[in-house]
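Dear colleague,

I am passing on the structure we spoke about, and below it you will find an account of what turned up when I went through it. Please read the account with the structure open beside you.

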Amino acid sequence: RWSEDVLMHADAAEDFIQDWSRCRVPAEGDFAGVEICPIGPEGAPKLLVWGDSHMRAMKEGLDLLARVLLDPGDVVLMELPSYTGAIAAFRGAGASLVGVRQETDGIDLDHLDETVARLRAAGQPIKCLYLVPNFQNPTGLLISLPKRLALLAWASRENVLILEDDPYRDVYFTDVTREEETRPIAADDQSGRVIDLSSVSK
């Protein structure tokens with residue numbers, strides 16, 4: 001069944017699927033794979049990653065991104081605390097993980113800027129920022145809409161990718177959260193800096 005999808009711009013999708021076939025480590029049991037489909041916000045192509053179970057495909061999706069995007073020693077910025085499955089995938093690719101504090105409306109942008117400045121002063125290459133914007137795992141925080149737009153501007157300014165892990169977008173209580181408040185960061189991405197992962201099995 002379809003369990004994980006990866007959204008990216010068309011000029012990157014073909015390269016990603018070729019890199020996937022080169023670097024993938026087969027899972028036990030049924031074969032997991034990918035396919036490019038013309039879906040997603042405004043018709044952007046999606047790479048759909050599937051497997052014989054939800055958890056296997058979820059882990060494969062993160063593992064594929066880590067293996068394709070990261071070189072040993074690359075820095076991945078992450079919300080503090082962050083999802084343990086992503087931590088394992090990025091560490092498996094040899095990345096250096098650096099935490100950024102959160103506020104009540106999501107990641108602390110001031111601390112993000114401070115962290116980037118400190119790492120760059122030390123000569124450490126920053127590859128991406130990993131986020132769970134909707135009901136963050138494990139804190140349950142929701143990144144505010146103004147902060148989502150600010151993160152897009154930050155990514156363009158700092159030349160950093162955003163990995164948006166968004167399996168909980170459609171899982172909310174309507175008496176406390178509106179649909180527009182869960183708008184994907186990728187939906188407003190005009191520069192191809194956001195890679196969006198989401199799940200249909202929730």
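**Confidence in the model**

This is a predicted model, and its first stretch calls for caution: across residues 1-14 the pLDDT remains under 50, although the model has 63 contacts beyond four places in sequence for this segment. A second stretch, residues 50-55, also has a pLDDT below 50, and there the model shows 20 contacts beyond near neighbours in sequence. Taken over the protein, the average pLDDT is 77, with 68% of the residues scoring at least 70.

**Overall build**

The secondary structure consists of five helices and ten strands, and of the 202 residues of the protein 49% count as buried. Where contacts join residues at least 6 apart in sequence, 66% of them are between residues at least 24 apart.

**The nonpolar cores**

In soluble globular proteins, nonpolar side chains tend to be buried together. The largest nonpolar core here has 21 residues, of which Leu 77, Leu 112, Ile 126, Leu 129, Leu 131, Leu 151 and Trp 154 touch the most other members. Two or more residues each come from strand 4 (75-79), strand 5 (96-100), helix 4 (109-121), strand 8 (126-131) and helix 5 (145-158), and it is helix 5 that gives the most, with four residues. Separate from this core is a second one of 19 residues, which includes Leu 65, Val 76, Tyr 83 and Leu 197.

Leu 131 may be a useful residue to click on while looking at the largest core, since its contacts can be listed in full. Leaving aside neighbours within four places in sequence, Leu 131 is in contact with Glu 79, Ile 107, Ile 143, Leu 151, Ile 162, Leu 163, Glu 164, Asp 165 and Ile 185.

**Helix 5**

The length of helix 5 can be checked against expectation: at 1.5 Å a residue its 14 residues should span 20 Å, and the end C-alpha atoms are 20 Å apart, which agrees. Which residues of helix 5 are buried? They are Lys 147, Arg 148, Leu 151, Leu 152, Trp 154, Ala 155 and Glu 158, and because they cover an arc of only 160 degrees around the axis, they lie on the same side of helix 5. An α-helix has 3.6 residues a turn, so residues three or four places apart point the same way. On the face turned away from the buried side, helix 5 carries the exposed residues Pro 146 and Arg 157.

Leu 145, which also has its place in helix 5, counts as partly exposed at 32% relative accessibility. Beyond its neighbours within four places in sequence, Leu 145 is in contact with Glu 180, Glu 181 and Arg 183, and its C-alpha lies 8.7 Å from that of Ile 185, a residue 40 places away in sequence. After helix 5 comes Asn 159, whose phi is positive, near 55 degrees.

**Salt bridges**

Side chains of opposite charge can pair when their charged atoms come close. A search of the whole structure finds ten salt bridges, and three of them are described here, with the nitrogen-to-oxygen distances as they stand in the model.

Arg 157 forms a salt bridge with Asp 113, with 3.6 Å between the closest N and O atoms. This pair links distant parts of the chain, as Arg 157 is in helix 5 and Asp 113 in helix 4, 44 residues apart. Arg 157 is exposed, with a relative accessible area of 52%, whereas Asp 113 is partly exposed at 33%.

Arg 157 also forms a salt bridge with Glu 158, where the closest N and O atoms are 3.8 Å apart; Glu 158 is buried, with a relative accessible area of 18%.

The side chains of Arg 178 and Glu 181 meet in another salt bridge, at 3.9 Å from N to O. Both partners are partly exposed, Arg 178 with a relative accessible area of 46% and Glu 181 with one of 21%. As for the wider arrangement, salt bridges that share partners join Asp 113, Arg 120, Arg 157 and Glu 158 into one network.

With best wishes

Notes:
Residues are numbered from 1 along each chain as its sequence is written. This is a predicted model: local features need pLDDT of at least 70, side-chain atom pairs count only at pLDDT 80 or more; totals for chains, interfaces and linings use all residues. Side-chain values use heavy atoms; hydrogens and water are left out. pLDDT is the predictor's confidence in each residue, from 0 to 100. Contact means heavy atoms within 4.5 Å. A nonpolar core is a set of buried Ala, Val, Leu, Ile, Met, Phe, Trp, Tyr and Cys residues joined through side-chain atoms within 4.5 Å. Buried means under 20% relative accessible area, exposed over 50%, partly exposed in between (1.4 Å probe, protein chains only). A salt bridge is a side-chain nitrogen of Lys or Arg within 4 Å of a carboxyl oxygen of Asp or Glu. The expected span of a helix is 1.5 Å times one less than its number of residues. The arc is that of the directions from the helix axis to the C-beta atoms.
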